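Work through the following exercises with the sequence and the model in view. Each task is followed by a solution in steps.

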Amino acid sequence: MYISGKINKNLRNAMEYYAGILFSHQLRPHITVTIRQRQNMDIHGNVSIVAYNSKGKPRWFEIELNRYDDEEQKMITLAHEMFHIKQYVRGEINETLTMWKGKKVDTDKIPYLKQPWEKEAFVGSELLYLSYKIIKEYE
């Protein structure tokens, strides 16, 4: 995975760990993630698709992080947004967030925290971050 943007070594290491868990070694070199740290965000972060490969699959993403979050929160947010990247890459969600694993979803009728991709990302990112934290403690 190619990572660009201004992030410190700890955040870069976390991103590489997350990618190693979420993506096969064959797929990782084809994914690009640009990190931007923004001011004036009322959320911890978000991810968007920047570009698609020649087969129409999303492969380049931008993650925005809240500049004022502490490093631990940024690591948790990165794990969450990496789960969304995994969902895009595998075709589990579409860019308009109207499909989940091949089924139509009406986000107007489902609260944010109950949307299936958010449920997976919240639970999965906590586990991903905790596993990273445990491994770092024993290095």
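**Exercise 1.** State whether Leu97 is buried, partly exposed or exposed.

Solution. Step 1: buried means under 20% relative accessible area, exposed over 50%, and partly exposed in between (1.4 Å probe, protein chains only). Step 2: the relative accessible area of Leu97 is 27%, so Leu97 is partly exposed. Step 3: Leu97 sits in the loop between α2 and β5 (99-100), and its phi is near 55 degrees, a positive value in a residue other than glycine. Most residues other than glycine have a negative phi.

This is a predicted model, in which local features need pLDDT of at least 70, side-chain atom pairs count only at pLDDT 80 or more, and totals for chains, interfaces and linings use all residues. Residues are numbered from 1 along each chain as its sequence is written, and side-chain values use heavy atoms, with hydrogens and water left out.

**Exercise 2.** Classify Asn40 in the same way.

Solution. Step 1: Asn40 belongs to the loop between β2 and β3. Step 2: with a relative accessible area of 78%, Asn40 is exposed. Step 3: the phi of Asn40 is positive, near 60 degrees.

**Exercise 3.** Find the strand order of the sheet and its edges.

Solution. Step 1: helices (H or I, at least four residues) and strands (E, at least two) are DSSP runs, numbered from the N terminus; two strands pair if DSSP finds at least two bridges between them. Step 2: 4 strands form an open, mixed sheet in the order β1-β2-β4-β3. Step 3: β1 (2-4) and β3 (45-52) each have a single partner strand, so they stand at the edges. Step 4: β1 and β2 (residues 32-38) run parallel, joined by 3 bridges; Ile3 has Val33 as its bridge partner in β2.
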